Amino acid sequence: MSKESFANEIYQVVGSEPMALYNNEGNIVYEPAEAESFFLKNDGIMIQINDEEKELEISLSDGIDAKDFENLYGQKLRKLSLNNQFKYKLR
């Protein structure tokens with residue numbers, strides 16, 4: 001699966017949240033397929049596709065309960081990562 005398809009699938013999981021999308025240069029993009037980073041504004045959660053390392057990296061801001069995140073999005077993102085042969089990293 002391409003990175004663009006993977007990015008679209010991530011967006012489908014978290015797309016109901018207000019977010020900003022960024023490409024690998026840090027510029028705002030408007031199409032999920034062009035995104036490498038998804039910043040969920042309400043919770044301060046960053047989801048990044050690291051294509052070189054084949055990792056999906058999730059960074060939670062202080063005050064966000066990892067268990068709550070896992071129940072809401074993490075389980076779906078973990079499965080999506082594994083299906084696309086990406087490692088899943090939650091910080």
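The following paragraphs describe the strands, helices and selected residues of a predicted model.

Residues are numbered from 1 along each chain as its sequence is written, and side-chain values use heavy atoms, with hydrogens and water left out. Because the model is predicted, local features need pLDDT of at least 70 and side-chain atom pairs count only at pLDDT 80 or more, whereas totals for chains, interfaces and linings use all residues.

The strands form an open sheet of six members in the order 2-1-3-4-5-6, with mixed pairing; here strands (E, at least two residues) and helices (H or I, at least four residues) are DSSP runs numbered from the N terminus, and two strands are taken to pair if DSSP finds at least two bridges between them. The edges of this sheet are strand 2 (28-29) and strand 6 (87-90), each of which pairs on one side only. Strand 3 (residues 37-40) pairs with strand 4 (residues 45-50) in the antiparallel sense over four bridges, and one of the residues involved, Leu40, has Ile45 in strand 4 as its bridge partner. Strand 4 is also joined to strand 5, again in the antiparallel sense, by five bridges, and Gln48 has Glu57 of strand 5 as its bridge partner. Strand 5 and strand 6, by contrast, run parallel and are joined by four bridges. Along this parallel pair, Glu55 stands opposite Lys87 in strand 6, and Leu56 stands opposite Tyr88 in strand 6.

Two helices lie across strands of the sheet. Helix 1 (residues 3-14) lies across strand 1 (19-22), strand 3, strand 4 and strand 5 (55-59), and runs at about 160° to strand 4; such angles, from 0 to 180 degrees, are taken between the N-to-C directions of axes, which are lines fitted to C-alpha atoms, for helices over the stretch in contact. With 12 residues at 1.5 Å a residue, helix 1 should span 16 Å, and this agrees with the 17 Å between its end C-alpha atoms, the expected span being 1.5 Å times one less than the number of residues. The buried residues of helix 1 are Lys3, Phe6, Ala7, Ile10 and Val14, where buried means under 20% relative accessible area, exposed means over 50% and partly exposed lies in between (1.4 Å probe, protein chains only). These buried residues cover an arc of only 100° around the axis, so they are on the same side of helix 1; the arc is that of the directions from the helix axis to the C-beta atoms. Their cover includes strand 1, strand 3, strand 4, strand 5 and helix 2, with contact meaning heavy atoms within 4.5 Å.

Helix 2 (residues 66-83) lies across strand 3, strand 4, strand 5 and strand 6, running at about 165° to strand 6. Together, strand 5, helix 2 and strand 6 make a right-handed β-α-β unit, a crossover being right-handed if, with the strands pointing away from the viewer, the path from the first strand over the helix to the second runs clockwise. Within helix 2 lies Glu70, which is buried, with a relative accessible area of 14%. Not counting residues up to four places away in sequence, Glu70 touches Gln75, Arg78, Tyr88 and Leu90.

Strand 5 is largely enclosed by the rest of the structure, because four of its five residues are buried. Glu57 has its place in strand 5 and is buried, with a relative accessible area of 12%. When neighbours within four places in sequence are left aside, Glu57 is in contact with Met46, Ile47, Gln48, Asn50, Lys89 and Arg91. Phe39, in strand 3, counts as partly exposed at 28% relative accessibility. Its C-alpha atom is 6.4 Å from that of Leu21, although the two residues are 18 residues apart in sequence. Among the residues that Phe39 touches beyond four places in sequence are Pro18, Tyr22 and Ile45.

Two loop residues other than glycine have a positive phi. Lys54, in the loop between strand 4 and strand 5, has phi near 55°, and the hairpin that these strands form has four residues between them. Lys54 counts as partly exposed, at 40% relative accessibility. Gln85, in the loop between helix 2 and strand 6, has a positive phi of about 60° and is exposed, with a relative accessible area of 70%.
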